[in-house]
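Before looking at the fold itself, it helps to settle how far the coordinates can be trusted. The paragraphs below begin there and then move from the whole chain to one sheet.

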Amino acid sequence: MKRKNFSILFATVLVLSLSLIPVVPAMANGGGNGEVIEVLIDIKPGSEDNCINLESKGVVPVAVLTTDGFDASDVNPGTVVFAEYVSWVRWVMCDVDGDGDLDMLFHFKTQLLDLDESSTEATLTGETTDGQLIEGTDVVKMVP
Ligand SMILES: [Ca+2]
Ligand SMILES: [Ca+2]
């Protein structure tokens, strides 16, 4: 009788352990929950078609906008890269879209961007200060 109870207990523990396995990878993910937060970005604020001339020796401004669901000041600037891992040359907090809250504005060297004549969009990625991944995409128009 005692031995039978032990077997049932053992089986129960086994089932519980198995049911916990899918949870483990999610818990192992440090600060964030592993999901990527879609953020609103604006390449060349003030320009709708976001023309980029790769020959230009200048910089491309890209803003991470503060929205109802996201505060741009939560972004960890050190983690932010644009158009295939190009690091910014400078960044500043300012109200890019004039809606009264601060947005994070980055500048990236145009010639370093991994874009070509056929590119139609570019993506900015990074992390928040608590390690959550962020990603935002905007259209670009390549010009000669
Ligand atoms: Ca724009
Ligand atoms: Ca704003």
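The term pLDDT denotes the predictor's confidence in each residue, on a scale from 0 to 100, and two residues count as being in contact if their C-beta atoms, placed from the backbone, lie within 7 Å. The model shown here is predicted, with an average pLDDT of 88 over the protein, and 79% of the residues score at least 70. Residues 23-30 call for particular care, since over this stretch pLDDT stays under 50, and the model gives it four contacts beyond four places in sequence. Where pLDDT is low, the predicted coordinates should not be read in detail.

Turning to the chain as a whole, the protein contains two helices and 11 strands, and along the sequence the two helices come before the strands, in the pattern α-α-β-β-β-β-β-β-β-β-β-β-β. Of the 144 residues, 24% are buried, while among the contacts between residues at least 6 apart in sequence, 63% join residues that are at least 24 apart.

Five of the strands form an open sheet with mixed pairing, arranged in the order β1-β10-β9-β5-β6. Because β1 (37-38) and β6 (86-87) each have a single partner strand, they stand at the edges of this sheet, and one side of each is left without a neighbour in it. At the β6 edge, the pairing with strand β5 (residues 75-82) is antiparallel and runs over two bridges, and here V81 stands opposite S87 in β6.

Note on methods:
Residues are numbered from 1 along each chain as its sequence is written. Chains are lettered from A and ligands numbered from 1 in the order in which they are written. This is a predicted model: local features need pLDDT of at least 70, side-chain atom pairs count only at pLDDT 80 or more; totals for chains, interfaces and linings use all residues. Helices (H or I, at least four residues) and strands (E, at least two) are DSSP runs, numbered from the N terminus. A residue is buried if 20 or more other C-beta atoms lie within 10 Å of its own, exposed if 12 or fewer, and partly exposed in between; C-beta atoms are placed from the backbone. Two strands pair if DSSP finds at least two bridges between them.
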